[in-house]
Every structure is written in structure tokens, then in C-alpha cells.
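Open the model in your viewer and keep the selection panel within reach. We will walk from stop to stop, selecting a few residues each time.

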Amino acid sequence: MTTAAPPDVTVTVIVHNDAARLPRAIASVRAQTHRAIEIVISDDHSTDDTPRVAAALAAKDRRIRVLRLERNSGGCGAPRNRAMEIARAPHLMFLDSDDELPPRAVELLLAAHRETDVDFVMGAVERVRADTGATSTWMAPLFARRRTVRGVEDEPRILFEPLSTNKMYRKEFLDRHGLRFPEGLHYEDQLFSAQAYTLARAFTVLTEPVYRWYIAPYAGADAATISNRRHLMSNVRDRLRIARLIDEFLAARGVSSGVREEKDFKFLSHDFRLYAGDLPYRDLSWVAEFAAETVPYLDGLSAAAFERLGRDERVVVGLLREGRYEEARLAARGLGHGVGPRTTVTDGRGRTYWGEALPRTEAGRGDLDLTEQALAGCPFGAARFRHEITRVTHAGTVVELTVRTYDPGLRLPLAPQPASLHLAPGGRRTTVRLRLDPAGRGVFEGTVRLDLAAVALPVQGFWGARHPVLEVTDGRGAATGVLLAPLDFEPFEVAGPARHRVTVEPEGRDAGRLQVRWRPGGAVGRLLGPVVRRGAARRLARALVRA
């Protein structure tokens, strides 16, 4: 009787009430090109059909073991920790039941371990939109070059990559440092990864994707991931608690100020930024509670990290610090797209600040100061306008938008202004003219009618989304800005040209840009959709033109 060879890698698949997707995740592990693996299904006390599905999967493959927690832990830490206790292989990996491993993930990571003496190896993450199939690379710049990093001090920016699931760890490394996931808190990956980066003698970064992460931005509340439950104040508190635990750990390890600054900047530009983008959809009581939780923590972050933060994000911080919560919601609209304020105020020293009121605190003055943007004197093409859609109607394929334009730098004369709306799916631009009439000092209003059936599309059709922009001019230069969709805007769909379906909607769930999305039907849709979702539209276009 032959004895099975010991596994080289234990892959832990954590699951809770996910009977439908667990088989897909397990299939991706069973299909690995490196076969000497152990698969541990760690069930966080599911109450659906998961136990039966897990048992059936184990019956098909003797490499699979099933571990069931006695009670639900409410997070990812406990099921991973329990699986580590029984893992038999010298290397460990983690997979969530709603994701997958690419076929060569184990092979690539293990080969890198055998090539260089490191404590863990990490690879790129392919993000897949569950609704469209569109793919992108998570934190792509960090995975542009293969390298071995000799500790976090050599590359502090690696702290921006907090996942535990795209890594293969030496079990001896984790055991020697007693490195385990925190339990009873969400965002456990962030602490675990910060500790691993700091404790490791060396780790290798691969360019190849080793994890496939499915994201569902429109999932219902009952199916939303932890990151999509940002409306819960408990979610905010967990993220802040994890951030404080990371701070305590880094301080205890005596890391350099450069590492601490990078961690602070990561929190501001990523963690805080996620919640800031949601603020327009939160009521004032929620924003006030959010400020009460976050501002004390923000006040302790390094000044150098704040200096690196974009001015638009700093304005949101400043308004929260000042208790100006309605204005914070306003400032958060259109973050990242060069949207100006509705108005500004100037102090006795000639400094220009966001909004109608001067800041009350020194910190507020630093955050809300827009002087360097030179709203009144910068080149016109760089001028910051704010275009808000105040009304949307549609009849058939014609959409009518009422637009209010704010000119905080008073760049436009108080007279009717010519303007243009541009929309360019697939590189073909459609332009519609409109007139903006004065509606007060630094405020203009106008109406534009856009016939979606008349929008020019590429000959091969178009599958994707584009954002209309509004262009204003002073006769010497032109400034183009996004159109902010109304907060209460309900998406609608119309029939477009060449059997396309066209959806008009706000961008994502943020209170951001107006978005127009095309989806071709018929044979073109069947051909174009899968290829576009893989980022290969240009190749298909050339093929169709040649045909």
C-alpha cells in the first residue's frame, strides 16, 4: 500500500453561508498545475447548505479536509487561524470562497520560494467585476517588476497592499513569530499583512496574477462584502481599531518615520478616501458620528502624510474637523475629478478658502486653503468649475439635462456663455451646443438635449461606459469638467443605435459623474462583450474591419 506524498502547500478556503460559490473556489484549487497540495475548507459555522456541499467536495478528492467551527466568528480571522493549527504543509495560502486561484498560482509562488530564501512570496491580483466581467489589476504599480525586498524599510510603499490572499507563507515563519489573524474584528488582513511585512527578513514580489478577486459593487446588503458595508458605523470602528493596532505594532518594532508616514498616507488616501466618497449619500447625523470617530485618529497622523494628500481630500478632512458636515457632503461629490467649490472666501491676508466661511482652527486653515490653486488667475484651461445637473428628463432616446455651473474663480463674464457637451464612446466624439445664462454672481444655468440614438459609435459597436463632459471657453482657452449627477437620480435605459441598449446613470455608488453605458445586442454583443471585458477591444476592432 503506497503512502501519499506529504503536501507542499496547504490552501485554506474559508466559507460562511456560501454553498453556491464554494464549488467554484474549490475547483480552482483542485485544478492547480502543482498537485501536491492540501485543501482545508474552514467553515465558519454556516447555516445554509455549505456543510453538505463541503462534505461532497471532500468525498471527491482525498486532498480536501473539512473543518467546521463550533460557532460563527463573524469574520475571517478565526476560520483562518483554526485551519493554520491543523495545516500539514510547510507553506500556507488563503482563499475566500467567493474568489478563485488562477491555475498556476501555487506553482509560481512555490517556485519563487525554492529559488530564494524568503519568508513569503506575493503575486498580482486580478480583480473581476461580477456584474460585467471586466478585469483590472489590483495595485498594479506594485507588481510591475519582479523583485526580492529585504524588509519593509527597503520599500515602505508595500504597505499599500494589505491582502493576505495573494501570498504564500512559510509556516515556520508564521509559527516562529506567533503571527495569527486578529479575531472579532474586520479588516484583519491589514494588521496581519503589516506585521508580516515588518517581521519578514525578505519577501519576493511576482508580476504574474496569483489570485482572482471577484467584486460585486451592486450587491445587496445581505450579500455585500465587508468593504461594501461602509454604511455601518461598526465597519468604521473596526477599520480604525485595526489602524490603531498597526500603529502600536509599528511603534513597538521601532520602525522608521518613513514607514510610519507611508502607513499614515495609505490610511488617508485609501481607507479614509473610501468613506469620503460615500459621504454625499449619508445623512447629517451619520456624518457627524463618522467625524466623531475618525477626526481624533486623523489628528494623530503625520503632517508629512497630510502634505502628500490631494487638496480635494484635505478639504473633506478640514470640513469634518470644523464640524461643517453639510459642506463635507458637498465637497465629497466628484472627488478625484478636479471639481471646484461652489464659492470661496478670502481672509485679510489674501488667502482663499473653500466655502462661504473662514476656518476657525489652525488645522482647518491648512486643510481648506485653496490659494495655491489660483482659481482666479491660473490658465483658463486649468480653471476649476463645478457643473451640477439639477434636473434630468427623457422622452424616447432624447435626454434633457438642466445644468448649474459654479464659477468660484469668477473667470466668466456676467453674460450668456457658449458651452459644449462632449460624449466620446470608442473614441468617436459627439458634441452638443448649449448656452449658459447668468443666475447670480459666479453661477450660470443652461439646458442641453442629447439624443442617444444620434451618438456616434465605432463601426464595430461599443461595450462600455463613458462620462459626458462640459466645456466652457473664454475665447482664448477652454476648460472641460465632469457633470455631477443628482443624488436622487434614478438610472434609466433606452434603445440606442445599431441594436445597442444605453443606460444613463450616476457613476457607481458614489455621488460622482453622470455615466452613459452601452451594451450591444445580437451577434456583435456576443462577440464584443467577452473580448472587451478582457481589455482586448482594439484587437477585435481590427479583426472586424479586416473582415
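Begin in the loop between β2 and α2 (50-60), where you will find His45. Bear in mind throughout that this is a predicted model. His45 has a positive phi of about 55 degrees, although this residue is not a glycine. Is its side of the loop hidden or open? With a relative accessibility of 25%, His45 counts as partly exposed, because that value falls between the 20% limit for buried and the 50% limit for exposed.

**An enclosed helix**

Next, select helix α3, residues 77-86. Seven of its ten residues are buried, so the helix is largely enclosed by the rest of the structure. To see which ones, colour Gly77, Ala78, Pro79, Arg80, Asn81, Ala83 and Met84. Now bring up what covers them: the covering elements include the strands β1 (9-15), β2 (37-43), β3 (64-68) and β4 (91-96), along with the helices α5 (171-176) and α6 (188-199).

**A buried glutamate**

Move on to Glu155, in the loop between β7 (147-149) and β8 (167-170). Glu155 is buried, at a relative accessible area of 10%. Which residues does Glu155 touch, leaving aside its neighbours within four places in sequence? Show Leu142, Arg147 and Val149, and you have its contacts. Arg147 deserves a distance label: its side chain and that of Glu155 are joined by a polar contact of 2.7 Å.

From Glu155, draw a line to Tyr197: the two C-alpha atoms are 9.7 Å apart in space, with the two positions 42 residues apart in sequence terms. That line leads to our next stop.

**Aromatic rings**

Tyr197 forms a tilted aromatic pair with Phe203, 5.4 Å centre to centre and with 55 degrees between the planes. Both of these residues are buried. Widen the selection to Phe94, Phe120, Tyr169, Phe173, Phe181, Phe192, Tyr197 and Phe203, and you will see a cluster linked by ring pairs. In total, the structure holds 19 aromatic pairs.

Another of the pairs is Phe267 with Tyr297, which is edge-to-face: the centres are 4.9 Å apart and the planes make 65 degrees. Phe267 lies in helix α8 (residues 257-278) and Tyr297 in helix α9 (residues 284-298), so this pair ties together parts that are 30 residues apart in sequence. Phe267 and Tyr297 are both buried.

While rings are on display, look for two arginines. Arg127 lies over the face of Trp213, 5.1 Å from the ring centre. Arg239 takes up a place over the face of Tyr187, at 3.9 Å from the ring centre.

**A hairpin and a parallel partner**

Switch to cartoon view and select β12 (residues 386-395) and β13 (residues 398-406), which pair in the antiparallel sense over nine bridges. For a landmark in this pairing, label Val392, which stands opposite Leu401 in β13. The two strands form a hairpin with two residues between them, and Gly396 in the turn has a positive phi of about 65 degrees.

Which way does β19 run beside β12, parallel or antiparallel? Add residues 478-484 to the view: β19 runs parallel to β12, and two bridges join them. Here the landmark is Glu388, which stands opposite Leu484 in β19.

**A four-stranded sheet**

For the last stop, select the open sheet whose strands come in the order β17-β22-β21-β20, with antiparallel pairing. β17 (464-466) and β20 (492-495) stand at the edges with a single partner strand each, so one side of each has no neighbour in the sheet. Sight along the sheet to follow its twist, which averages 25 degrees from one strand to the next.

Inside the sheet, seven bridges join β21 (residues 500-506) to β22 (residues 514-520), and these strands run antiparallel. Label His500 and you will find Pro520 of β22 standing opposite.

Finish in the loop between β20 and β21, at Arg499. Like the residue that began the tour, Arg499 is not a glycine, and its phi is positive, near 65 degrees. Is Arg499 buried or exposed? Turn on the surface: Arg499 is exposed, with a relative accessible area of 66%.

Note on methods:
Residues numbered from 1 in each chain as written. Predicted model: local features only at pLDDT ≥ 70, side-chain atom pairs only at ≥ 80, totals over all residues. Heavy atoms only, no water. Pairing = 2+ DSSP bridges. Axes fitted to C-alpha atoms, helices over the stretch in contact; angles between N-to-C directions. Buried < 20%, exposed > 50% of the residue type's maximum accessible area, 1.4 Å probe, protein only. Contact = heavy atoms within 4.5 Å. Polar contact = N/O pair within 3.5 Å; in protein donor to acceptor, adjacent residues only side chain to side chain. Phe/Tyr/Trp six-rings, centres within 6.5 Å; stacked < 30°, edge-to-face > 60°. Lys NZ or Arg CZ within 6 Å of the ring centre and 35° of its normal.
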